[in-house]
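Trainee: I would like to go through this structure with you slowly, and to ask at each step what lies behind the words that are used for it.

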Amino acid sequence: MGAVTQGEERFDRWWNTAGDWVEAPNVRRGGESGVQRLQLPDGTLAYVKRQVGHLYRSLRHPLGRPTALRERDALIAFRDLGIQVPELLFCDAQHAQGGWRALLVSAALEGYQDLDHWYAEGGGKALSEAEHERFLATLGQVLARMHRHRWQHGCLSYSEIASIG
């Protein structure tokens, strides 16, 4: 058996961390995926997505590829488009024991709230009509930027209007 690489050690270190489940493991896509929140020693609040055998298939990856890697690619692409995304702290996948294990670790986005909850809690009413229109226009510009580059969104969050885009 060969020597353990630094990347494998880092993967195992992240894999063996424990936090509070914010998305309990669910079984889909032929595997399991869940998300834990944990406080890092430096005070950073992080989210660790753990996946076992959780794959997507495409013409490019007919045998399957961990969805965490596709999510990493999307985060990098969005960042490159100037769209604010969580800081990517670690992402890797390993094929071991006959299956895939994958991790995606990101720093928490402070001050953001799911758009549906923001509206349900009266967030839209806290803005003047002009501020709300600017917010919606900025949101539309961000979505248009994503769509022009053939990306879609799964969820939207509200933050201070000035930081969007």
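Trainee: Where is asparagine 16 found, and what makes it count as exposed or buried?

Mentor: Asparagine 16 is found in the loop between helix 1 (6-15) and strand 1, where helices (H or I, at least four residues) and strands (E, at least two) are DSSP runs numbered from the N terminus. Buried means under 20% relative accessible area, exposed means over 50%, and partly exposed lies in between, with a 1.4 Å probe and protein chains only. Asparagine 16 has a relative accessibility of 61%, and therefore it counts as exposed.

Trainee: What joins the side chain of asparagine 16 to aspartate 12?

Mentor: A polar atom of that side chain lies 2.9 Å from the backbone oxygen of aspartate 12. A polar contact is a pair of N or O atoms within 3.5 Å; within protein, one must be able to donate a hydrogen and the other to accept it, and residues adjacent in sequence count only if both atoms are side-chain atoms.

Trainee: What kind of model is this, and how are its residues and side chains treated?

Mentor: This is a predicted model, in which local features need pLDDT of at least 70 and side-chain atom pairs count only at pLDDT 80 or more, while totals for chains, interfaces and linings use all residues. Residues are numbered from 1 along each chain as its sequence is written, and side-chain values use heavy atoms, with hydrogens and water left out.

Trainee: What is the average pLDDT of the chain, and where does pLDDT stay under 50?

Mentor: The chain averages a pLDDT of 86, and 88% of the residues score at least 70, pLDDT being the predictor's confidence in each residue, from 0 to 100. Over residues 160-165 pLDDT stays under 50, and the model has 12 contacts beyond four places in sequence for that stretch; contact means heavy atoms within 4.5 Å.

Trainee: How many helices and strands are there, and which strands form the open sheet?

Mentor: The chain has 4 helices and 9 strands. Five of the strands form an open sheet in the order 1-2-3-7-6, with antiparallel pairing, and two strands are said to pair if DSSP finds at least two bridges between them.

Trainee: Why are strand 1 and strand 6 called edge strands?

Mentor: Strand 1 (20-28) and strand 6 (88-96) each pair on one side only.

Trainee: How do you know that strand 1 and strand 2 pair?

Mentor: Strand 1 is joined to strand 2 (residues 31-39) by 6 bridges, and the definition asks for at least two, so the two strands pair. In this antiparallel arrangement, aspartate 20 stands opposite arginine 37.

Trainee: How many bridges join strand 6 to strand 7?

Mentor: There are 8 bridges between these antiparallel strands, and glutamine 94 stands opposite arginine 101 in strand 7. Their hairpin has 2 residues between the strands, and glutamine 97 takes a positive phi near 50 degrees there.

Trainee: Why is lysine 49 called buried, and what does its side chain meet?

Mentor: Lysine 49, which lies in strand 3, has a relative accessible area of 17%, and therefore it is buried. Its side chain is joined to that of glutamate 71 by a polar contact of 2.8 Å. Not counting residues up to four places away in sequence, lysine 49 also touches others, including Ser33, Val35 and Leu104.

Trainee: What makes a set of residues a nonpolar core, and which residues have the most contacts inside the largest one?

Mentor: A nonpolar core is a set of buried Ala, Val, Leu, Ile, Met, Phe, Trp, Tyr and Cys residues joined through side-chain atoms within 4.5 Å. The largest here has 18 residues, and Phe135 and Met146 have the most contacts inside it. Helix 4 (129-148) is among the elements that give two or more residues to this core, and its 5 residues are the largest share.

Trainee: Why is alanine 108 called buried, and arginine 150 exposed?

Mentor: Alanine 108 has a relative accessible area of 18%, so it is buried, whereas arginine 150, with 79%, is exposed. Alanine 108 lies in the loop between strand 7 and strand 8 (113-114), while arginine 150 has its place in the loop between helix 4 and strand 9 (157-158).
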